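Biologist: Please show the structure, so that its ligand site and its backbone may be discussed in turn.

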Amino acid sequence: MIIANWKMNGSKDLIKDWITSVSENIKIQDEKECVFCPPVGYLNLSIELIKEKELGIKLGSQLIESNLSQPLTGGVSPEMLVDLGCEYAIIGHSEQRTYYNENDSQLINKIEAAIEENIKPIYCIGENSEQKKNGTKQEVLMKQLDLIKSNYLSHLVVAYEPIWAIGTGENAEVSHINETHAFIKEYIKTISNTANEIPVVYGGSVNLNNYKEIYSSELVNGLLIGGASLEPINFSIIYNQS
Ligand code: PEP
């Protein structure tokens, strides 16, 4: 599974150019999902173009609201995302934990609200550089994974994104990724016995130079790509050759 997270980038023209170029360069395989997560304002345009080109790329949202019982200016509900053709939503991204002050109970509610509408959460977890240094990575990951109820585990994708690697150009070493993915997979098994089927993808400065080595690990079930996903030919190469 290869996921493009555009963050707060793009314009109508850039979306059109990207989808046109990707449709000419990518070879979508049934067994390897490709998920495009543009800014929410471009979801509609994106799905129209994806359908027009019969591209076979799935759509994911960077935003999802769980507070559904009251008027909420700016909210984007799971039902709206389904209406727009979304099948995935990124939840718990470190940038949103930081800048939107997302707390654990909001994250639990978002995961729940997404799954109730058949939207698959791409649940992001990962340690910051301080936690990496002081050796508390495993405790941090366990706490983040403990938010997931066992009956929800089979419905989501876990994205391991060490915060120190996001957007820094400093990807994690393959040995670090392997050790951490092995830990995540083992820990998930203690929450649910369906754990073997749960994809654990890696994100953090993946690019054309490092994707092959990272994806060649059998513990890595996919890649979540931010900055490097903006360039359509590179993104298509990463998808085709991973
Ligand atoms: C991300 O957006 O989650 C991400 C991993 O970004 P980048 O690939 O730019 O580090």
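Biologist: How far does a backbone N or O atom of Gly226 lie from an oxygen atom of the ligand?

Modeller: The model is a predicted one. A polar contact is a pair of N or O atoms within 3.5 Å. The backbone N or O atom of Gly226 and the oxygen atom of the ligand are separated by 2.8 Å. Of the 290 Å² of accessible area that the ligand has on its own, the protein covers 96%. For the Gly226 pair, the value is 2.8 Å.

Biologist: Which residue has a polar side-chain atom 2.7 Å from an oxygen atom of the ligand?

Modeller: The ligand is surrounded by 14 residues, and the closest include Lys7, Glu161 and Ser205. Gly167 places a backbone N or O atom 2.6 Å from a ligand oxygen. The side-chain contact at 2.7 Å comes from His93.

Biologist: How many residues of the shell around the ligand are charged?

Modeller: The shell residues fall into three classes, with four nonpolar and eight polar. The charged class holds two.

Biologist: Is Glu54 buried or exposed?

Modeller: Glu54 is not a glycine, yet its phi is positive, about 50°. This residue sits in the loop between α2 (43–52) and β3 (58–61). Exposed means over 50% relative accessible area. With a relative accessible area of 73%, Glu54 is exposed.

Biologist: What is the relative accessibility of Asn118?

Modeller: Asn118, a residue other than glycine, has a positive phi near 65°. The loop between α5 (104–116) and β5 (120–125) contains Asn118. Asn118 counts as exposed, and its relative accessibility is 70%.

Notes:
Residues are numbered from 1 along each chain as its sequence is written. This is a predicted model: local features need pLDDT of at least 70, side-chain atom pairs count only at pLDDT 80 or more; totals for chains, interfaces and linings use all residues. Side-chain values use heavy atoms; hydrogens and water are left out. A residue is near a molecule or strand if one of its heavy atoms lies within 4 Å of it. A polar contact is a pair of N or O atoms within 3.5 Å; within protein, one must be able to donate a hydrogen and the other to accept it, and residues adjacent in sequence count only if both atoms are side-chain atoms. Accessible areas come from the Shrake-Rupley method with a 1.4 Å probe; for residues, only the protein chains shown count as cover. Ala, Val, Leu, Ile, Met, Phe, Trp, Tyr, Cys and Pro count as nonpolar, Asp, Glu, Lys and Arg as charged, and the others, Gly among them, as polar. Helices (H or I, at least four residues) and strands (E, at least two) are DSSP runs, numbered from the N terminus. Buried means under 20% relative accessible area, exposed over 50%, partly exposed in between (1.4 Å probe, protein chains only).
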